[in-house]
Amino acid sequence: MTQTEEMKTRNRTRTNKVRSIFLKVIGAIMIAIVLFLVIVYTVNLICNQSELKRIEPYGQHVSVDGKNMNVLIQGAGEETVVLLPGLGTAAPVLDFKPLIEELSPFYKVVVVEPFGYGLSDLTEKERTTENVVSEIHEALQRLNIDRYILMGHSIAGIYGLDYVNKYADEVSAFVGIDSSVPTLSEKVTSSQLEMVKWLKQSGLSRLAMKLGTDPLAALPYDDKTKEQMRMLMHKNMYNPNLLNEVEHMQSNFKAAEGVSFPKNLPIIFFIQANHPVTDRWVPEHEEQVKNSVHGKVMRFEGGHYLHHTRSKEIVKNLKTYMEGIKH
């Protein structure tokens, strides 16, 4: 063998060794990733099963379209307030707890958990405004609740707009808690929805919540309530009804663009003073009430979930507002 051939053989051997080591490292990394995903998936399954047994029931079930919708009724006031949650609120009854505590000494409070929320069943029906509104109304009908103030957070502003027009004889006033307006919507792509489905199914969404900042840590709830809320977040986050509702969000907002609140319906909005799109947020709400004989917009410092931190002010101003209308 010549010296040149010997050098080529050595180089080839060295290259093969490097390639072999590289492939082994890549293989080890791939095995580690697969093992990690299997562990995350398994832990998520075990936690889901364990948590389902530890979730404590609240409220009562009402039969709607052959399924169970969960509703809480608290307080014994002469007037009734029906509370509707914002998009994706995992446990509306628990989320509204500060507001319920402030309202219930003066009103009969009814919290409706739409299908896919809280302790309510899932449904196969599309999450269009028409279906959501119809189901909420059917729940109230079954409870013989036919006269009430409708109070909604966030996306309930879109559903509420449809609701008060369809059932004008039942709703005595509409109250929006940083409620959505038809002209300000976000578009979610199908690829984004597929990604969150995968995160949920793989268990990575649970891991992300565990490693991230606890969204409940600073909220005015006791530790037991927070623990229940966390378990319901894992149960309901990215479930089929919520994902379907997100898919319909843009069309639901679009359909509401040509709809306005009835002129004689009392309307009061409690909104963020510093919303991310304040330059449009405040004017759009003012536009919604400008033709109402009893329209009012009030701004508060706070986040989107104003009822977490401003429940006292909301109820105080609501009472004053409703008393002013009567006189």
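1. In this predicted model, strand S2 and strand S4 (residues 108–113) are paired in the antiparallel sense, with five bridges between them. One position in this pairing is Asn 70, whose bridge partner in S4 is Glu 113.

2. Strand S2 (residues 67–74) also pairs with strand S1 (residues 60–64), again in the antiparallel sense and over five bridges. Here Val 62 has Met 69 in S2 as its bridge partner. The hairpin formed by S1 and S2 has two residues between the strands, and Asp 65 adopts a positive phi near 55 degrees in this hairpin.

3. These pairings belong to an open sheet of eight strands with mixed pairing, in the order S1-S2-S4-S3-S5-S6-S7-S8. Its edge strands are S1 and strand S8 (295–300), each of which pairs on one side only. On average, and with direction ignored, neighbouring strands of the sheet are turned by 25 degrees against each other.

4. At the S8 edge, strand S7 (residues 267–272) and S8 run parallel and are joined by six bridges. Within this pair, Ile 267 stands opposite Gly 295 in S8.

5. Thr 80 lies in strand S3 (residues 80–84). Is this residue, Thr 80, buried or exposed? Its relative accessible area is 10%, so Thr 80 counts as buried, the cut-off being under 20%. With neighbours within four places in sequence left aside, Thr 80 is in contact with Lys 108, Val 110, Ile 145, Arg 147, Tyr 148 and Ile 149.

How values were computed. Residues numbered from 1 in each chain as written. Predicted model: local features only at pLDDT ≥ 70, side-chain atom pairs only at ≥ 80, totals over all residues. Heavy atoms only, no water. Pairing = 2+ DSSP bridges. Helix = DSSP H or I, 4+ residues; strand = E, 2+ residues; numbered from the N terminus. Buried < 20%, exposed > 50% of the residue type's maximum accessible area, 1.4 Å probe, protein only. Contact = heavy atoms within 4.5 Å. Axes fitted to C-alpha atoms, helices over the stretch in contact; angles between N-to-C directions.
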